[in-house]
Amino acid sequence: MTKIEKPLNLTNTIWAAGGEAVEPSNSKKLQGWVAEIPPFQFENWLQNRNDRALAHIIQMGIPEWDANTEYQANQSYVQDEDGEVYRATETHTGVNPKYDTANVWEQPFSFDALKELATEESTGVVRKAAQQDIDQGTPGSIFADPSQIRQLVENINASWITGGVLSSGTLPDATESDKGAVRKARQSDIDNGTGDDRFISPRQLKSVADDIKSTTAGVALSGNPVITAGSSENYQITNFSSFDTYEVSIEFDNGGTGNVSITDDLISVDIDAGATGGVILTVTKGGVAYDFELAIGSSRINRPSIIFPVNGATNMPTNITLESSNFTTTPAGFDTHTATDWQVATDITFSNVIAESLNDTTNLLQWSVDADLQPNTTYYARVRYYGNTLTVSSWSQTASFETAERPATPTITSPSNGEINVGETPTITTSNFSSPISETHQATDWEIRLASNDSLVWSSMNNTSNLTSITVPSGQLAESTEYRIRVRHIGSQLGASAWGTSTFTTEAQFFVFDPSSAGEPFGGGYYAGANIVVGGTTYALVVAPKAQGGEAGSTLPWEWTVDPDVPGATSTNDGASNTAAIVAAGGSSTSVAAGFCNNLSINGYTDWHLPSADELEICYRYLKPTTQANYVNSSYGPNPGGNGSNPNSDPVGGDYTSSNPAQTSIAIYQSGASEAFVANYYWTSTQLSAGVAWRQRFDNGDQGTYLKSDSYYVRAVRWVEV
């Protein structure tokens with residue numbers, strides 16, 4: 001087989017070094033290609049990895065150690081971070097030879113190992129060639145005995161070495177034809193005292209001496225082989241000797257200026273801006289010069305990376321926030337971070353970008369994706385940075401991530417699906433929150449829609465208080481109507497679930513407007529127990545809730561002066577028009593009875609008024625607080641008839657008897673309870689004359705009149721048409 005020529009530029013040009021490469025997932029690596037067209041980013045990654053692996057072997061000769069390779073006993077060679085060469089003595093993985101405490105590595109070419117080769121004993125590893133070999137010229141006629149080699153190695157120093165060849169005359173140069181007479185014995189030969197035919201040749205010893213020159217007698221540097229124009233780099237002499245003298249200088253191969261200095265074992269090289277090409281760093285040790293070639297790179301913004309989510313992440317939230325690495329430049333600190341480009345796409349080529357924030361000066365290192373990401377979907381993200389002077393970096397490596405499933409769709413447990421005869425204010429309940437990841441139930445969206453046309457009737461969106469249960473407020477639903485409920489749960493990370501739905505139908509009549517419903521919550525307060533008929537229209541009478549300010553905290557006058565006549569406030573049944581007339585005549589202040597009621601705002605309602613004589617009579621008849629006997633007078637009252645007569649009430653009210661009405665059975669309206677009327681006089685809005693208005697006692701029901709300037713209790717009412 002003829003010699004295969006080594007290709008050029010194996011280490012200078014790496015496939016896709018400046019292109020886009022994406023590492024496939026581990027599962028894809030194990031599967032390999034199937035019937036598909038592989039993404040070019042995957043192909044770039046594979047070829048790039050192969051090129052870098054070959055270039056590393058060609059460049060280093062012996063590969064650097066890594067923690068993942070299984071090294072084979074007596075067959076695997078590596079070098080550590082300092083360039084020291086080791087051979088595995090046992091098959092193993094993960095033991096750094098530089099810190100080997102398990103004795104699974106040895107240094108076959110070290111200075112100490114070479115010294116140990118030479119012994120005076122017959123079982124040593126260095127032996128003199130047999131005479132017959134010398135006579136026959138088989139291994140060559142040049143040899144050295146063990147004592148000569150031992151003395152040579154122990155006393156070697158820089159003055160003995162020129163150009164990497166021992167010049168003491170003890171060992172001549174090795175040649176291709178002159179193999180020499182010294183070879184290294186095998187371990188079994190050492191143990192058994194055999195192997196006289198195994199020696200170290202002069203060529204091998206020359207190689208060892210060259211190593212000694214470069215690591216002991218020469219100069220070895222540690223540092224970055226690339227230095228950026230306008231920056232500085234430090235280089236350490238790793239085999240520094242305080243017994244030697246050192247000098248340093250630099251020379252540019254393409255123009256440029258800079259400085260170099262040395263302090264003990266540390267060399268500092270400063271390259272001025274604008275320099276290109278390369279620079280030769282010369283270190284002179286003991287009069288011998290050693291050259292090191294440094295490449296000059298241009299200033300740049302270093303390529304950022306997506307640090308969250310990590311590439312290939314799964315179960316990511318749909319409201320994800322991307323995070324990127326810190327802004328850095330070459331040289332370090334050369335520029336400042338001014339803006340960032342963010343992109344998220346559904347494909348690896350970014351031909352379908354679904355969210356982006358370009359030239360973003362606010363979200364420099366993290367960005368909450370402003371798009372409605374779908375669950376169980378793979379997305380691709382990338383980022384790049386802008387500097388104040390260095391324009392823009394390259395795009396980061398693409399990071400792929402997969403969103404998690406949505407939180408579970410809630411089940412509506414009440415009202416049950418298809419339920420009928422549902423009341424006006426149903427309580428909707430759902431199943432508990434459930435998510436495929438660990439997250440909290442953040443909020444719930446509630447909706448009620450007409451089943452007939454899907455129009456929205458009522459909603460409570462992003463409700464953080466009512467997570468699995470909510471009561472529909474009154475006044476939203478109509479009677480005998482079919483509705484559709486929609487509910488979805490919102491997680492703290494994965495966002496909203498799908499909508500859970502069900503239907504229900506309301507009952508034929510929500511509220512029975514008769515005395516049996518007296519004291520029931522209704523219309524922003526409590527139903528008084530009867531309706532009031534005004535102008536031929538029937539209205540349910542609602543008493544303002546005392547606990548929410550529906551009754552004045554102290555007694556108030558009807559008005560401040562005795563004489564002003566309010567002609568529009570004489571109705572016995574229309575308290576709303578009476579109140580409006582009083583307010584228009586100057587009674588708008590909250591310090592008078594009508595003004596107090598007119599200014600109320602309770603449970604979203606502002607149409608409260610001071611009750612007329614007939615409206616206040618209804619309140620007494622059905623919400624009487626005491627057990628006291630009623631006042632009976634068959635010839636005196638606001639209406640024709642006697643005390644308690646109420647022709648405008650629905651049902652119509654007759655004159656009181658001593659026992660009718662009796663104390664209400666509604667506990668909250670009995671004397672001393674939270675909504676009870678005080679057992680004393682209350683003002684009506686019905687005027688008798690310029691200086692006198694009607695009032696009614698709430699201990700015995702007495703209806704009478706008194707001066708408007710006198711102060712009595714005040715309770716507001718409102719209407720709901722029925």
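How many of the eleven residues of helix α10 (residues 613–623) are buried? Select the helix and look: eleven of its eleven residues are buried, so read it as a mostly covered element. Keep in mind as you go that this is a predicted model.

**Stop 1: helix α10.** Show the side chains. The buried set includes charged residues, among them Asp614, Glu615, Glu617 and Arg621. Leu616, Ile618 and Leu623 are buried in α10 too, as are Tyr620 and Tyr622. Now pick Cys619, which counts as buried because its relative accessibility is 1%. Then jump to Cys597, buried as well, at 0% relative accessibility. If you're hunting for disulfides, you can stop here: a search of the whole structure finds zero.

**Stop 2: Asp341 and Arg384.** On to the salt bridges, of which the count comes to 15. Select Asp341 and Arg384, whose side chains meet in one of them at 2.8 Å, N to O. Asp341 sits in strand β21 (residues 337–345) and Arg384 in strand β24 (residues 378–387), so the bridge ties together parts that are 43 residues apart in sequence. Asp341 is buried, with a relative accessible area of 2%, whereas Arg384 is partly exposed at 23%.

**Stop 3: the network around Arg486.** Next, select Glu447, Arg449, Asp454, Arg484 and Arg486 together; a network of salt bridges links them. Zoom in on Arg486 and Glu447, where the closest N and O atoms are 3.0 Å apart. This pair links distant parts of the chain, with Arg486 in strand β32 (residues 482–491) and Glu447 in strand β29 (residues 441–450), 39 residues apart. Buried or exposed? Arg486 counts as buried at 17% relative accessibility, and Glu447 counts as buried at 7%.

**Stop 4: Lys285 and Asp244.** Move to Lys285, which forms a salt bridge with Asp244 at 3.8 Å, N to O. Here Lys285 belongs to strand β14 (residues 278–285), while Asp244 lies in the loop between β10 (231–237) and β11, 41 residues away. Lys285 is buried, at 6% relative accessibility; Asp244 is partly exposed, at 28%.

**Stop 5: a negative patch.** Finish at the surface. Select Glu251, Asp253, Asp291 and Glu293, which gather in a patch of negative charge. Asp253 is found in the loop between β11 (246–252) and β12 (258–263), and its 49% relative accessibility makes it partly exposed.

How values were computed. Residues are numbered from 1 along each chain as its sequence is written. This is a predicted model: local features need pLDDT of at least 70, side-chain atom pairs count only at pLDDT 80 or more; totals for chains, interfaces and linings use all residues. Side-chain values use heavy atoms; hydrogens and water are left out. Patches are made of residues with over 30% relative accessible area and no salt bridge: like charges are joined within 9 Å, nonpolar side chains (Val, Leu, Ile, Met, Phe, Trp, Tyr) within 5 Å. Accessible areas come from the Shrake-Rupley method with a 1.4 Å probe; for residues, only the protein chains shown count as cover. A salt bridge is a side-chain nitrogen of Lys or Arg within 4 Å of a carboxyl oxygen of Asp or Glu. Lys and Arg count as positive and Asp and Glu as negative; His and the chain ends are not counted. The place of a charge is taken as NZ of Lys, CZ of Arg, CG of Asp or CD of Glu. Helices (H or I, at least four residues) and strands (E, at least two) are DSSP runs, numbered from the N terminus. Buried means under 20% relative accessible area, exposed over 50%, partly exposed in between (1.4 Å probe, protein chains only). A disulfide is a pair of cysteine sulfur atoms within 2.5 Å.
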